[in-house]
Amino acid sequence: MRPDTKFVHSGGGPDRQTGAVNPAIYLSSTFEQTAPNENRGYVYSRTSNPTRTALETALAELENGRRGLAFSSGLGALATLLEDLPSGQRIVAGDDLYGGTWRLFHHHETQFGLSVAYVDPTSTEAFAAALEAGESHIVYLESPTNPLMRLTDLAAVSSLAHRHHARVVVDNTFASPVFQRPLELGADLILHSTTKYLGGHSDLIGGALVASQSDWGERLAWLQNAVGAVPGPVDCFLVLRGIRTLGVRMRAHDRNGLAVAEYLEKSSKVQAVHYPGLPSHPQAALARRQMSGFGGMVSVDLKAGMSAARRFLKALKIFTLAESLGGVESLAEHPASMTHASVPPEVRAARGITDGLVRLSCGIEDSRDLVADLARGLRAV
Ligand SMILES: *Cc1c(COP(=O)(O)O)cnc(C)c1O
């Protein structure tokens, strides 16, 4: 099946008993056993639940992986993954990460002896040097990064990591499997915040891991049950329902992202626009090589800094001032004071997250209304 067909049909198909085209929402914590320790495949919903199984089957299909696992949040997925690391381990990571990912890595560094080598995510040579410098368990990547929309050459870094016996984890939240499938480029594990594009309607919190290999997938499934950061069946149903329309939604986000990026780039009040679909993006060629579209995330650096960002954001009427991203409605936020406030100011400055930076999540509205709203914002600057 081609991706659009897969999105609609993934997850196991109609219910075998009733023919219902959607999975039932199994609101049951426990399941009857036919004799002590004999069961019908389900025992207790932390371990597994039929609605979650449908979602997990779909997740594996979307990313072309062997094992999909659903979690109660993206960070729940990451926390479970970190439980898999032997103590004293080393991670090599791109240095422009989701703020909460950075915060959890930092906690493990100070509490559990994890060491994280942060490198410029755009530089394959920097990954090579960090891998040479010490034995590493995992290379942890976001591409495009949040909020600066930088890219990592996923195929090159994956083969480099494998030569050093490190596994590659890619947070694929921004691109979604519609536009980028890292397992096909050599990565070993995908992480998603399903809160974002997969759910797609800003109505749930959820996460996912998808493993390319069954052995790592089974170990993570064991940890999923042992740690217990699992989603409820209603949230599983909602993510699966979001996945049905992922293809059409992502193409609408992509159209609007490009329209907004092209509009903002022309303004004299704008220092820079970060969007991998713009020819001016420093890695436009790599973007075209490893992505089939660029989605709805656009960052804009306003020349006049913090005060400009505040005026701009307060003037917007269609873009809602809110954290998060990936829903059908457009959102705008200020990384320095909101999503990335937990990153120390000097670290933010070193990474290019300026006080004038505004991150936009372009929804699926009419692009003319979005552009008119941004014009209103720029007039207020
Ligand atoms: C939101 C987000 C996360 C964290 O996911 P939650 O569902 O909020 O826990 C991780 N990575 C990226 C890129 C995100 O945008």
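**View 1. Seven strands in an open sheet.** The sheet of this predicted model is open and holds 7 strands in the order β1-β7-β6-β5-β4-β2-β3, with mixed pairing. Strands (E, at least two residues) and helices (H or I, at least four) are DSSP runs numbered from the N terminus, and two strands pair if DSSP finds at least two bridges between them. β1 (67-71) and β3 (115-119) each have a single partner strand, so one side of each has no neighbour in the sheet. From one strand to the next, the twist averages 20°. Residues are numbered from 1 along each chain as its sequence is written. Local features need pLDDT of at least 70 and side-chain atom pairs count only at pLDDT 80 or more, while totals for chains, interfaces and linings use all residues; side-chain values use heavy atoms, without hydrogens and water.

**View 2. The pairing of β1 with β7.** β1 and β7 (residues 207-211) run antiparallel and are joined by 5 bridges. Opposite A70 stands A208 of β7.

**View 3. Two helices across the sheet.** Helix α3 (residues 74-83) lies across β1, β2 (90-94), β4 (138-142), β5 (167-171), β6 (189-193) and β7, at about 145° to β6. Helix α8 (residues 214-227) lies across β1, β4, β5, β6 and β7, at about 20° to β1. Contact here means heavy atoms within 4.5 Å. Axes are lines fitted to C-alpha atoms, for helices over the stretch in contact, and angles between N-to-C directions run from 0 to 180 degrees.

**View 4. The largest pocket.** The largest pocket holds about 710 Å³ of space. A pocket is an open set of points on a 1 Å grid over the protein atoms alone, where a 1.4 Å probe fits, with protein on both sides within 12 Å along at least five of seven lines; lining residues have an atom within 4 Å of a point. The volume is the space filled by probe spheres set on the points, which are joined across faces, edges and corners. Of its 25 lining residues, D15, R16, P23, Y26 and P50 are the closest to the centre. α2 gives the most to this lining, with 3 residues.

**View 5. The second largest pocket.** This pocket has a volume of about 410 Å³. Y98, S193, T195, K196 and S324 are the closest to its centre among the 24 residues that line the pocket. Both α3 and β6 supply at least two lining residues. Domain 1 (3-244) and domain 2 (246-380) both contribute to the lining, so the pocket lies between them; the domain bounds come from an automatic or database domain assignment.
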